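Here is a short report on a protein model. Look at the cysteines, then at one threonine.

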Amino acid sequence: MELIVIAQFFALFGLILNVMSTQQEEKKKILLFNGLSNFASSIQYVLLQAYTGAVSCIVATLRNVVFGKIKKVPLYVLIIYYIIAIGLNIPAYNGLMSLIPVFNIMIYGYGIWQNNVKVTKLIIIIVSITGIIYDAYNLAIVNCLSSILSGTGAIVGYIRYIKQTEEDKIIV
């Protein structure tokens, strides 16, 4: 029981960073806050013995570091990332539910590979929905809340982004 409580503290820190990531306008800042959030979440998942979640979060943190350092990530780097993500999660596989974190980091990886903040925000919405399912299943209560807030933040950020780009197009 104590580990569950400690896990929720790490998740709370990750939640704050995750929500902050959805409000960023620059890819590097999104990657920084999301990477720190993933690292905190990986500790939570280890404490909850949700190992595919932990491995996926660690791989996602490393992805954010690599993608943040390369201005235009080549397709082969994305493919290598997918192979690593799948390969490292094979030993942690524990039924269909354990595939959700792998799916999430792969689709999110595609979203940030695009270099399109609009696509990234849409993918965050998808990842948030599937994250809610995984987190509820694994009793990652705070991470479940984080996924809800992240999805909501991504929707708000997406709307703000759309309004901003529409205002930029208006010529007075």
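## Cysteines and disulfides

A disulfide is a pair of cysteine sulfur atoms within 2.5 Å. By this rule, the model has zero disulfides. Keep in mind that the model is predicted.

Why does C57 form no such bond? The closest cysteine sulfur to that of C57 belongs to C144, and it lies 14 Å away, too far for a bond. Now start from C144. The cysteine sulfur closest to that of C144 is in C57, again at 14 Å, so a bond is ruled out by distance.

## Where the cysteines sit

Are C57 and C144 buried or exposed? Buried means under 20% relative accessible area. C57 has a relative accessible area of 8%, so C57 is buried. C144 has a value of 14%, so C144 is buried as well.

## T120 in its helix

Which helix holds T120? T120 is found in helix α6, which covers residues 117-137. T120 counts as buried because its relative accessibility is 5%.

## What T120 touches

Set aside the neighbours within four places in sequence. T120 is then in contact with Y108, G111 and I112. G111 also takes part in a polar contact: the side chain of T120 reaches the backbone oxygen of G111 at 3.0 Å.

How many residues apart along the chain are T120 and I84? They are 36 residues apart, and their C-alpha atoms are separated by 21 Å.

Key. Residues numbered from 1 in each chain as written. Predicted model: local features only at pLDDT ≥ 70, side-chain atom pairs only at ≥ 80, totals over all residues. Heavy atoms only, no water. Buried < 20%, exposed > 50% of the residue type's maximum accessible area, 1.4 Å probe, protein only. Helix = DSSP H or I, 4+ residues; strand = E, 2+ residues; numbered from the N terminus. Contact = heavy atoms within 4.5 Å. Polar contact = N/O pair within 3.5 Å; in protein donor to acceptor, adjacent residues only side chain to side chain.
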